[in-house]
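Student: Could you take me through one part of this structure closely, and then show me how that part fits into its surroundings?

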Amino acid sequence: MTKQEYAQWTQEESPKSKGPMNILKAFVFGGGICAIGQLLVFFYQSRGAGELGFVFASLSLVVLSAVLTGLNVYDNIAKHAGAGTLVPITGFANSMVSAAMEFKTEGYILGLGAKMFSIAGPVIVYGVSASVIYGIILVLFG
Amino acid sequence: MDLFLLLKAFLVGGIICAIGQVLIDYTKLTPARILVSYVVLGVILGGIGLYQPLIDFAGAGATIPLTGFGATLAKGVREAVSSDGLFGAFTGGLTASAGGITVAIIAALLAGLLCKSSEKS
């Protein structure tokens, strides 16, 4: 089957899930992940982390996401949660971990090493570039 | 524990994710483009000083979504520029986000080495 035929086939086979239910699920799962993050912030701040509590909470969620992705749990949740598991930092980590696992078969350098950045790479490229532009604006007009 | 803050984190984080779902369902934006847009939006909102008030209001509800990653980049650049000038514009972003990126890289490497992908396409 050609690429177009395949694209059409997947289009027809995949359930047309759009609408309020999808958005509600993204809201609940995304909000839930952020609430877990806030609980972690409370925990770290109770241990005297101060403002760093936010950083530690993010790092903890990255590790948690990596473990759940490694156990093939995160992607099953993501099927229901959509953007709810994509937009939080856990989704960023999941994109790297799942790609690393999937493309290991293509080798450790150009498979695992390169493909883990197929989504995270552009995020870093455009995020950092935007921040450099902001910095230059600050230097010129700040 | 501040239960009200926890609720606000849930609501604000949920709304930010729900907006992402609307973009996926009703525009041609792919997940990768949405993540890129969210980060750049976070840099812009952080740069013009609108994101910190949201963090003050909603805590992790604002820092955990990827817009918070963008705001971290902007904050890092602002601090680095104020101490190092123009050089800071090039170091601040990655310096501030180094922890998150490095942990994600190590996690992906370990999972890639240790775990098997279940779904075969």
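Tutor: Here is a look at helix 6 of chain B and then at the contact between the two chains. This is a predicted model, where local features need pLDDT of at least 70, side-chain atom pairs count only at pLDDT 80 or more, and totals for chains, interfaces and linings use all residues. Residues are numbered from 1 along each chain as its sequence is written, chains are lettered from A in the order in which they are written, and side-chain values use heavy atoms, without hydrogens and water.

Let's start with the helix (a DSSP run of H or I, at least four residues, numbered from the N terminus). Helix 6 of chain B covers residues 86-114, and at 1.5 Å a residue its 29 residues should span 42 Å, which agrees with the 42 Å between its end C-alpha atoms. The expected span is 1.5 Å times one less than the number of residues. Helix 6 of chain B also has a kink of about 60°, centred on B:Ala98; the bend is the angle between axes fitted to the seven residues ending there and the seven starting there.

Among its buried residues (under 20% relative accessible area, 1.4 Å probe, protein chains only) are B:Gly92, B:Ser97 and B:Ile101. Their cover includes helix 3 and helix 8 of chain A, together with helix 5 of chain B.

Now for the two chains: 63 residues from chain A and 66 residues from chain B are in contact, meaning heavy atoms within 4.5 Å. Between chain A and chain B there are zero salt bridges (a side-chain nitrogen of Lys or Arg within 4 Å of a carboxyl oxygen of Asp or Glu).

Notes. Buried < 20%, exposed > 50% of the residue type's maximum accessible area, 1.4 Å probe, protein only.
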